[in-house]
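Colleague: Could you take a close look at one part of this model with me, the way its helices and strands pack together? I am new to reading structures, so please go step by step.

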Amino acid sequence: MYKFGLNKAVLCRIHMHILNFSPAHAIYTTPASPHKHRGPRKQRGMASPAGRSCTRYSKIPEFLVGPIGQPMPAVGLGTASHPFMEEEVRAAVLTALELGYRHIDTAALYASERVVGKAMAEAVQRGIVASREELFVTSKVWCTQCHPELVLPSLKESLQNLQMEYVDLYLIHWPMAVKPSKPHFPMKREDIVPMDLSGVWKAMEECHRLGIAKMIGVSNFTTKKLQELLAIAKISPAVNQTKGFWPSFIGSKGHPLRFTSYTKSEQKISQLLT
């Protein structure tokens, strides 16, 4: 899965390039059957939030992730914006959804969860998407909440911001912990504390058992950290979201651990996919 940033001016070019770039399709070795809520979408022209006319493309390829093989769109939109500009994020999300994107990536740190939720609700109201079930939403717990007792409350706060009952994928944003506080970056070196990876992952597993995180995973984990996690995990992480590409990695109980890659949308797609 590729996650691109918020540069709205290149969203159309990115989408067209990926769907027509044959090596990209070769990467998705286990395409998923269409989700029951994700029926075929007709191609049609739609007006963008900026008043432009963009083509709404066919369904983005999906691949299977997690122990039971749930479908995940192969291309998504990241919503980190520095400085954060609410209207720009809203417009980018709506434009992406009009183009056919169904995977939107956010995080507690980004401060974009509330506007992402509003944009998705607007998309449903306008008929751009049929319902919440057509969407795939990823969020992340930040280092300030990477403590066993804070993971579940952090997810519940994210869900309140998103105005949703669940996220499709919930990730540990970074394999580190700092003193509890509101999510912020950068962090002071003196605030870094030892991370209770076992306790934090048990809390992530509880989020999954409660049904408010359909899948759980990690982000920015090294191979060493992954091996440490897999040695203690009862539920194998579905994905590891990193910058760049990783080789395939087999998770616990033989389930494949998928790697997703994030990049700024300004990066040349031909460079990304070759």
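What follows is a walk from the whole chain to the helix contacts, then the strands and the cysteines.

Modeller: Happy to! Please keep in mind that this is a predicted model. Let's begin with the whole chain, which has eight helices and 15 strands. It holds 274 residues, and 55% of them count as buried. Now take the contacts between residues with a separation of 6 or more: 69% of these involve residues 24 or more positions apart.

Let's turn to helix H5, residues 151-162, which packs against helix H4, residues 113-125. Their axes lie 7 Å apart, and the packing angle is about 45°. An angle of that size makes H4 oblique to H5, because it falls outside the ranges for parallel, antiparallel and perpendicular. On the H4 side, the contact is made by Glu 113, Arg 114, Val 116 and Gly 117, and H5 contributes Ser 158, Asn 161 and Leu 162. Sorted by class, these residues give two nonpolar, three polar and two charged.

H5 also meets helix H6, residues 197-209, where the axes come within 9 Å and cross at roughly 45°. These two helices are therefore oblique to each other. Here H5 uses Val 151, Leu 152 and Leu 155, and H6 answers with Val 200, Ala 203, Met 204 and Cys 207. The make-up of this contact is seven nonpolar residues, with no polar and no charged ones. It is worth setting that beside the contact of H4 with H5, which has two nonpolar, three polar and two charged residues.

Now for the strands. Strand S8, residues 136-141, is largely enclosed by the rest of the structure, because six of its six residues are buried. You can check this face by face: Phe 136, Thr 138 and Lys 140 are buried on one side, and Val 137, Ser 139 and Val 141 are buried on the other. S8 pairs with strand S7, residues 103-105, in the parallel sense over three bridges. One pair to find on screen is Asp 105 and its bridge partner in S8, Thr 138.

Another parallel pairing joins S13 and S15, this time over four bridges. Strand S15, residues 256-263, is mostly covered, with six of its eight residues buried. Thr 242 is a good residue to follow here, and it is found in strand S13, residues 239-242. Its relative accessible area is 4%, so Thr 242 counts as buried, the cut-off being under 20%. The bridge partner of Thr 242 in S15 is Ser 261. Leaving aside neighbours within four places in sequence, Thr 242 is in contact with Asn 220, Phe 221, Thr 260, Ser 261 and Tyr 262.

Finally, a word on cysteines. The structure holds zero disulfides. Look at Cys 143, whose closest cysteine sulfur is in Cys 146: the two sulfurs are 5.5 Å apart, too far for a bond, because a disulfide needs them within 2.5 Å. Cys 143 is buried, at 0% relative accessibility. Cys 146 is buried as well, with a relative accessible area of 1%.

Methods: Residues are numbered from 1 along each chain as its sequence is written. This is a predicted model: local features need pLDDT of at least 70, side-chain atom pairs count only at pLDDT 80 or more; totals for chains, interfaces and linings use all residues. Side-chain values use heavy atoms; hydrogens and water are left out. Axes are lines fitted to C-alpha atoms, for helices over the stretch in contact, and angles run from 0 to 180 degrees between N-to-C directions. Angles under 35 degrees count as roughly parallel, over 145 as roughly antiparallel, 65 to 115 as roughly perpendicular and the rest as oblique. Contact means heavy atoms within 4.5 Å. Ala, Val, Leu, Ile, Met, Phe, Trp, Tyr, Cys and Pro count as nonpolar, Asp, Glu, Lys and Arg as charged, and the others, Gly among them, as polar. Buried means under 20% relative accessible area, exposed over 50%, partly exposed in between (1.4 Å probe, protein chains only). Two strands pair if DSSP finds at least two bridges between them.
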